[in-house]
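Dear colleague,

Please find below the structure that I am handing over to you, followed by notes on what was found in it.

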Amino acid sequence: MDGTPLRVTLRALQAGPLLILAVLALVMTFASPYFLTRANLTNLGFQTSIVAVLALGQLVVILTRGVDLSVGAVVALSAVLGAIAAGLGGAAALAVMLATGAAVGLLNGGILVGGRVLNPFIVTLGTLSIVR
């Protein structure tokens, strides 16, 4: 029963995005001599690292049956406050950004746990509006 056409089709659909990415990388490798250079791959890594870290954080939230709508606004607020604190030095800017993210996270968690609000969608929507 493992080789039925329906199972094969479903597995192909499941692997679809990875196959599309592989085909796109193959096409770009032949289309441009600059695609597989060290500089381009480094640039690609730098550009995707922030989104990847946010996606991993959201993965944890989703796995625990929650939704956090305020992530983008918290990143923007942390970046703005970090830029303001950049005049004090890089370490101070990093500390301000981490403290901002932690404070908003504690606010969300405190309202969810202490306030007995059952729906994280509502709490993080409110936090999104406040942080914006």
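Helix α2 lies largely in the open, because of its 16 residues the number buried is one; here buried stands for under 20% relative accessible area, exposed for over 50%, and partly exposed for what falls in between, with a 1.4 Å probe and protein chains only. Helices are DSSP runs of H or I with at least four residues, numbered from the N terminus. The model is a predicted one, in which local features need pLDDT of at least 70 and side-chain atom pairs count only at pLDDT 80 or more, while totals for chains, interfaces and linings use all residues. Residues are numbered from 1 along each chain as its sequence is written, and side-chain values use heavy atoms, with hydrogens and water left out.

The end C-alpha atoms of α2 (residues 16-31) are 22 Å apart, which agrees with the 22 Å that its 16 residues should span at 1.5 Å a residue, the expected span being 1.5 Å times one less than the number of residues. Helix α3 (residues 38-63), with 26 residues, reaches 35 Å from its first C-alpha to its last, close to the 38 Å expected. This helix, α3, has a kink of about 40 degrees centred on S49, where the bend is the angle between axes fitted to the seven residues ending at a residue and the seven starting there.

After α3 comes R65, in the loop between α3 and α4 (71-85). Although R65 is not a glycine, its phi is positive, at about 65 degrees, and the residue is exposed, with a relative accessible area of 78%. In helix α4 itself, S78 is buried at 8% relative accessible area, and its C-alpha atom is separated by 6.4 Å from that of G101, 23 residues apart along the chain.

Turning to helix α6 (residues 120-131), which holds I122, one finds T124 there as well. T124 is buried, with a relative accessible area of 3%, and its side chain reaches the backbone oxygen of F121 at 3.4 Å. G126, also in α6, is partly exposed at 30%, and its C-alpha atom is separated by 9.0 Å from that of L69, although the two are 57 residues apart along the chain.

Finally, V67, L69, F121, I122 and L125 form a nonpolar patch on the surface, with about 380 Å² of accessible area together. Such a patch is made of residues with over 30% relative accessible area and no salt bridge, nonpolar side chains (Val, Leu, Ile, Met, Phe, Trp, Tyr) being joined within 5 Å and like charges within 9 Å; a salt bridge is a side-chain nitrogen of Lys or Arg within 4 Å of a carboxyl oxygen of Asp or Glu.

With best regards

Methods:
Areas by Shrake-Rupley, 256 points an atom, 1.4 Å probe, with all protein chains shown as cover. Helix = DSSP H or I, 4+ residues; strand = E, 2+ residues; numbered from the N terminus. Polar contact = N/O pair within 3.5 Å; in protein donor to acceptor, adjacent residues only side chain to side chain.
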